[in-house]
Amino acid sequence: MAARHLRILSGCNGALLSVRFFSDSTLAQEPIASTAIDSASVSPSINTAENHSQLNNNKKHSAPSSLKHAELAKFSAIADTWWDSEGPYKPLHALNPTRLAFIRSTLCRHFRKDPYSARPFEGLNIVDVGCGGGILSEPLARMGATVTGIDAVEKNIKIARLHADLDPETSTIEYCCTTAEKLVEEQRKFDAVIASEVIEHVADPAEFCKSLSALTVSEGATVISTINRSMRAYATAIIAAEHILHWLPKGTHQWSSFLTPEELVLILQRASIDVKEMAGFVYNPLTGRWSLSDDISVNFIAFGTKNS
Amino acid sequence: MPLTKHLSVAIIDSNPALGKSNFIKKEDPPDPRVSTVTPATISFFKEIGAWQYVQQHRHAYFDKMQVWDYTGLGYTKYNARDVNKEILGCVVENKVLHSSLLSCMQNTEFRKTIYPSRLTSMALLPSSSSISVDSTPSATTLFTKGHLAKLDLSDGKSLYAKLVVGADGGKSRVRELAGFKTTGWSYSQNAIICTVEHNKENYCAWQRFLPAGPIALLPIGDNFSNIVWTMNPKDASDCKSMNEDDFVKILNHALDYGYGPHPKSISSGSVDMFSWFRGDATLSAKECFEVPPRVVKLASERMVFPLSLKHANNYVSKRVVLIGDAAHTVHPLAGQGVNLGFGDASTLSRIIAEGIAVGADIGEVSLLKKYEAERKPANIVMMAVLDGFQKAYSVDFGPLNILRAAAFHGAQYISPLKRNIISYASGEQRLPLPLPLFT
């Protein structure tokens, strides 16, 4: 019933081969609802019914029209619950401080900012790609950054703007209903580009990374967080999270769309980004908290810098 | 604390002592309102730079403690050296603690304002989770410079705050206004407190459990000690009204031969059932029972307070957090109440700093819940332990008396148990037993 993808990484010559087999249905017919691990915010790459190998997959459009209306409607339906920390986005709220800790640590070191300052990102332009309701954008703004948040779902942007206006520290965030590719066309550039829990929803991660790279200034930072394509991730993020614990609606993630850390490093490298640091997120069910760890077998986050 | 120094703080307290310059006359005899601060609290004070001010005034470290009861069946002596420390705690007058904290605060750079009035009402603006796309928020209510709790004071002023910390004691107005429910009961006991004088110095803390409640003698410095005597309300008011000489007589009676005999000390040569538990014996295991120093005269007025146990069911809600006695009130029998409060303050300030580090809004519930998750279990356990003691020691029943005696012996001679008790009471250990889960 689900689309079956087989992605084979050929390590020796560094070429990323992707052979996709589809059974009967396509990606879009999956009830991929908006979830705690990000909505279909990076619209261009959630394409439907692509039955081609990666070699001729440059069929990426930058318009949100590639998204099916059904998916958009699903995301819009629970868009009001973005800021309900006990609602469907609860896991993302719980993960937020942990990913921010990694972002703070790597960006402070890279841009030589004072880690003991309450506003270390003062003077930095950051774009949150796939910002959803602004869960990541708002803390970044409070840390002093000039933040632009983009998302393909109009309702998400509306919610994000409303919530950000409640606090003068966050009301300066620029929210746009647009896509990474469109921003590239507008020739926008940022000191740091963050795409957290987005790339696993993208049909063409390699092209997506190229867009992220194009948005990053030379010597700037790119941070991507996603889920590993490992057996353990299948057991936890798909079986446990979706089918048993019902943290996420079934079909939120396609295991075959996950990237392994090696693959991510490779496609970033081809997009002129050198991954410098990587860490894993580990969930402790007893305390209900996430923490940073060396264990990248399920959730992981990567920090890279753009070559000049 | 560089992460929090940009925060502005408003202190709402109608206590007149906050206004005038804090000048404590050294010649005054000690005030009967004292607190026993544990080593953990002393570390906290040192961390924030307030302990240096405490050291300028009267304060009394003690390194020994003796606990026994009226049945004379057992006693326990604790010594700080049992856990390789130098002190078990320090007894400080409350006015000294206040003035030290005030001096410390006045010497910091952060923006603070003292509002010498009372809180009359508190309003929390609509929570953001109820925002839906179609609502049009009115600019005046929501966009009030980002400060979302409004406080009205008794002198007519109004304040807006991102976070309201209810540190206003057992009858907390913040707790009341925020609608937190409490659980608790009153012990049908009152505590009578006063300062007394001896002929010589006292470096030991003494506590004797009597049928109606414990009597504690705490060193306060300069030959003075503080008495905290728990008894039923009728006796308490009698004690308060009787003349001073009679009161001194019954004090000595209660500390010495009153109600029952002295416990016998077990000499080190004899065989007893605990010899195989002993292991690495503590220094105090060999110490004999001692009679506390005689009270020579009364040095202050006598004050009486009712005792109760109270616990707020929740410590946090949006933009509001409770700390100290506002969150929990305990029996004074182990001198732990104020130390739990300082523990709350220390944890809350750390959690706020951690929140700021990741750009959180300091009033958001998810951040404040981390404080609650850390303090609530520890506070509840302490309250249960103290309540357990209070109940166990208020029944005069043969078999129970023997059980208590066994408990005294156990604590005296089973060294690991004694070390555990000392660590827990000093605030070094969060829970009475080392449970691996709750670290």
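These are my notebook entries on what I looked up in this structure, which is a predicted model.

**Entry: chain B as a whole**

I began with chain B, which has 439 residues, and I noted that 49% of them count as buried. I then listed its secondary structure and found 11 helices and 20 strands. For its surface I wrote down about 20,800 Å² exposed by chain B, with carbon and sulfur atoms supplying 58% of that area. I also looked at contacts in chain B between residues at least 6 apart in sequence, and 78% of these join residues at least 24 apart.

**Entry: cysteines**

How many disulfides are there over all chains? My search of the whole structure returned zero. I reminded myself that a disulfide is a covalent bond between the sulfur atoms of two cysteines, and that the cut-off for calling one here is 2.5 Å between the sulfurs.

I then took one cysteine from each chain. For Cys131(A), the closest cysteine sulfur belongs to Cys176(A) and lies 8.8 Å away, which is too far for a bond. Cys131(A) has 4% relative accessibility, so I entered it as buried. For Cys194(B), the closest cysteine sulfur is that of Cys239(B), at 9.4 Å, and this too is too far for a bond. Cys194(B) also counts as buried, because its relative accessibility is 0%.

**Entry: nonpolar cores**

Next I turned to the largest nonpolar core, which holds 39 residues, and I noted that Trp82(A), Ile103(A), Leu107(A), Phe121(A), Ile126(A) and Leu140(A) touch the most other members. Several elements of chain A give two or more residues to this core, including helix H2 (90–110), helix H3 (137–142) and strand E8 (273–284). Which element gives the most? I found that H2(A) does, with seven residues.

I followed Leu140(A) more closely and, not counting residues up to four places away in sequence, I found that it touches Leu100(A), Ile103(A), Phe121(A), Ile126(A), Ala145(A), Val147(A) and Ile194(A). Apart from this core lies another, of 31 residues, and among its members I noted Leu119(B), Leu151(B), Val174(B) and Ile323(B). As background, I wrote that nonpolar side chains tend to be buried together in soluble globular proteins.

**Entry: helix H6 of chain A**

Is helix H6 (residues 205–215) of chain A largely enclosed or largely open? Nine of its 11 residues are buried, so I recorded that the rest of the structure largely encloses it. The buried residues of H6(A) include Pro205(A), Glu207(A), Phe208(A), Cys209(A) and Leu215(A).

**Entry: a sheet in chain B**

I traced an open sheet of three strands in chain B, with the order E11-E19-E18 and mixed pairing. Strand E11 (164–166) and strand E18 (316–317) stand at the edges with a single partner strand each, so each has one side without a neighbour in the sheet. E18(B) and strand E19 (residues 320–322) of chain B run antiparallel and are joined by two bridges. Looking across to E19(B), I saw that Ser317(B) stands opposite Val320(B).

**Entry: Tyr257 of chain B**

Where is Tyr257(B) placed? I located it in the loop between helix H7 (244–255) and strand E16 (297–298) of chain B. Because its relative accessibility is 57%, Tyr257(B) counts as exposed. Leaving aside neighbours within four places in sequence, I found Tyr257(B) in contact with Arg208(B) and His262(B). I also noted that Tyr257(B) and Tyr70(B) are 187 residues apart in sequence, while their C-alpha atoms are 8.5 Å apart in space.

Key: Residues are numbered from 1 along each chain as its sequence is written. Chains are lettered from A and ligands numbered from 1 in the order in which they are written. This is a predicted model: local features need pLDDT of at least 70, side-chain atom pairs count only at pLDDT 80 or more; totals for chains, interfaces and linings use all residues. Side-chain values use heavy atoms; hydrogens and water are left out. Buried means under 20% relative accessible area, exposed over 50%, partly exposed in between (1.4 Å probe, protein chains only). A nonpolar core is a set of buried Ala, Val, Leu, Ile, Met, Phe, Trp, Tyr and Cys residues joined through side-chain atoms within 4.5 Å. Helices (H or I, at least four residues) and strands (E, at least two) are DSSP runs, numbered from the N terminus. Contact means heavy atoms within 4.5 Å. Two strands pair if DSSP finds at least two bridges between them. Accessible areas come from the Shrake-Rupley method with a 1.4 Å probe; for residues, only the protein chains shown count as cover.
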